[in-house]
Amino acid sequence: SRSALCSRLPIAWTRVARSAQRAVRRTAPFAAAGRFPPVTRGSSAMAMRPGVSRSPSESMFSEDFRDTAMPTTGRTMRPKTEPLWRAHDAKAQKSGQRGTIYWVGRNIMGEDGMPTGQKTKGASYHGEWGNNRKHGYGVQIFPSGEKYEGQWGNGLRHGEGTFWVPSGKAQRLRKVYVGGWKDDKRHGRGTCFFKNGEFFQGSWDQGKMHGHGTLRYANGDLYVGEWHEGLRSGKGTLNKANGDCYEGYWLNDKREGSGSFFYSESGKVFVGEWANDLPKAGIYTQASANPEQASGVPTTSVLPAIRLALPTEVLEGALAAVRNARKAVRAKGTPVTRLFTEEEIHALQDAFQQAMRPDGLAGPLELQALLSQLGTEMHVDRLQELLVSAGYSPEGGGLDVAVNSEDFLRLVAVFLDEEAGSEPSLREDSLEGYWDERALDD
């Protein structure tokens, strides 16, 4: 009944008040620390103020703390630490001076595909690093036993350095090369000691003897002169161990062009044209004594007098025949830097670039226009003869040919040599015309 319900209200209010007091005592330590305990669902303690309605699911703790406006702080986070693999990776990055680093050899596999228990030789490096690559000064021992000591650049031998290889049963190191390096190849000035006792001292380019240098052979012969891509090419002198001496031009490691050869045993000398390492046309006579040499020149035989009506004309005709027969070989094999000066090369290349086709080549029409700028009108028949003599077109092959910039330079060299017989000043005057035209264009 209504009276019974009213009699129970004081008891209910007392229970609620006691529950609220217990909740406050329980949350007081958390409030002082700025933290709040989690609110559990189903809590029986609920605020029951007069005139305030609550939803059944709302906790009394949130309302009480909201009313007291306690200060709150964020959750304390554990400081982040770098992963262990990053620390190890940073230590592995090599830069600056480092101790010796070793590379372990690989397992040797048997015929059955299983490891035999043996390993190949390892490698080691001691020196400077840059950006995790060998850079600076260092010593490298390769798995083959070879050793390099010198300068490095971006992981490659670059600069001055010395190279050794193991030799003999004892595998003692033998010095092979001392000099300049570029991109892991011999480059610049350097000295190479070959296995058979020969040694070369001179210029290198991309791992090959190139430029001026001296090579002493195992049999005592000595060559001093020009080299091109590892072969004797250009002007050079060969002093043989038996006293013979050749002084003249070379092409692809053979005597080619004008040159003189002294035969020490007979005391004779040949001066003339050489082709494919053999004398072809020239003058053969008794050599004169050199006052600077202590030993005289032997005279083993007396050459008969020449009984020709026109000896000079005969000699010039023979020399011209040899040059004409070897024209194509010499034009294609001779380095361009020997055919023209640097200024002439730039002038001819500029003219070629202006006249070439979109594919970078020059056909008959372009060649006819370019060669006409040399001061001589170039007809179709004359162009055909020039291409045949230079070796760029077979005999009777027509004008279906196209050349690049380097071939054009060689073709001009053949053209100037053919025309120089009747007009010795043609070469200089024609190339000056190229320069004058380029100056007007600029």
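**Figure 1. The largest pocket of the predicted model.** In this predicted model, the largest pocket holds about 660 Å³ of space. Its lining is made up of 21 residues. If you want to find the middle, look for Arg323, Arg330, Thr334, Leu339 and Asp417, which lie nearest the centre of the pocket. Sorted by class, the lining splits into nine charged, seven nonpolar and five polar residues.

**Figure 2. Who builds the walls of the largest pocket.** Six elements each supply at least two residues of this lining: strand 14 (245–251), strand 15 (254–263), helix 4 (311–325), helix 5 (327–333), helix 6 (336–339) and helix 10 (405–419). Helix 10 is the top contributor, giving four residues to the lining.

**Figure 3. The second largest pocket.** Next comes a pocket with a volume of about 250 Å³. Its lining runs through Gly282, Ile283, Tyr284, Leu303, Pro304, Ile306, Leu308, Pro311, Thr312, Val314 and Leu315. Two elements, strand 17 (278–286) and helix 4, give two or more residues each to this lining. Helix 4 has the largest share here, with four residues. As for chemistry, nine of the lining residues are nonpolar and two are polar, and there are no charged ones. Helix 4 turns up in the lining of the largest pocket too, where it supplies at least two residues.

**Figure 4. Lys327, a lysine tucked away in helix 5.** Lys327 sits in helix 5. Is this lysine buried or exposed? With a relative accessible area of 15%, Lys327 falls under the 20% cut-off, so it counts as buried. Setting aside residues up to four places away in sequence, Lys327 touches Ser389, Val414 and Glu418. One of these partners, Ser389, is itself buried and belongs to helix 9 (residues 380–389).

**Figure 5. Helix 9 and its packing partners.** The buried residues of helix 9 are Leu383, Gln384, Leu386, Leu387 and Ser389. What do they pack against? Their partners are helix 5, helix 8 (364–372) and helix 10. Follow the chain just past the end of helix 9 and you meet Gly391, which takes a positive phi of about 85°.

**Figure 6. Arg357 in the loop between helices 7 and 8.** Arg357 is placed in the loop that runs between helix 7 (342–355) and helix 8. Its relative accessible area is 30%, so Arg357 counts as partly exposed, a class that lies between the 20% and 50% cut-offs. Leaving out neighbours within four places in sequence, Arg357 is in contact with Gly363, Glu366 and Ala402. One of these contacts reaches along the chain: Arg357 and Ala402 are 45 residues apart, with their C-alpha atoms separated by 9.8 Å.

**Figure 7. Tyr125 and Trp129, an edge-to-face pair.** The structure holds 19 aromatic pairs. Here is one of them: Tyr125 and Trp129 sit edge-to-face, with 5.1 Å from centre to centre and 85° between the planes. Both rings belong to buried residues, because Tyr125 has 0% relative accessibility and Trp129 has 7%.

**Figure 8. Phe163 and Trp181, a pair across two strands.** This aromatic pair is edge-to-face as well, with centres 6.2 Å apart and an angle of 70° between the planes. The pair links distant parts of the chain, with Phe163 in strand 7 (residues 156–167) and Trp181 in strand 8 (residues 172–182), 18 residues apart. Are the two partners buried or exposed? Phe163 counts as buried at 9% relative accessibility, and Trp181 is buried with a relative accessible area of 6%.

**Figure 9. Stepping back to the whole chain.** For context around the close-ups, the secondary structure comes to eleven helices and 17 strands. The chain has 442 residues, and 30% of them count as buried. Of the contacts with a separation of 6 or more, 29% join residues 24 or more positions apart. The chain exposes about 28,400 Å², with carbon and sulfur atoms supplying 53% of that area.

Notes: Residues are numbered from 1 along each chain as its sequence is written. This is a predicted model: local features need pLDDT of at least 70, side-chain atom pairs count only at pLDDT 80 or more; totals for chains, interfaces and linings use all residues. Side-chain values use heavy atoms; hydrogens and water are left out. On a 1 Å grid over the protein atoms alone, a cavity is a set of points where a 1.4 Å probe fits but cannot get out, and a pocket is an open set with protein on both sides within 12 Å along at least five of seven lines; lining residues have an atom within 4 Å of a point. Grid points are joined across faces, edges and corners, and a volume is the space filled by probe spheres set on the points. Ala, Val, Leu, Ile, Met, Phe, Trp, Tyr, Cys and Pro count as nonpolar, Asp, Glu, Lys and Arg as charged, and the others, Gly among them, as polar. Buried means under 20% relative accessible area, exposed over 50%, partly exposed in between (1.4 Å probe, protein chains only). Contact means heavy atoms within 4.5 Å. Accessible areas come from the Shrake-Rupley method with a 1.4 Å probe; for residues, only the protein chains shown count as cover. Rings of Phe, Tyr and Trp (its six-membered ring) pair if their centres lie within 6.5 Å; planes under 30 degrees apart count as stacked, over 60 as edge-to-face and the rest as tilted.
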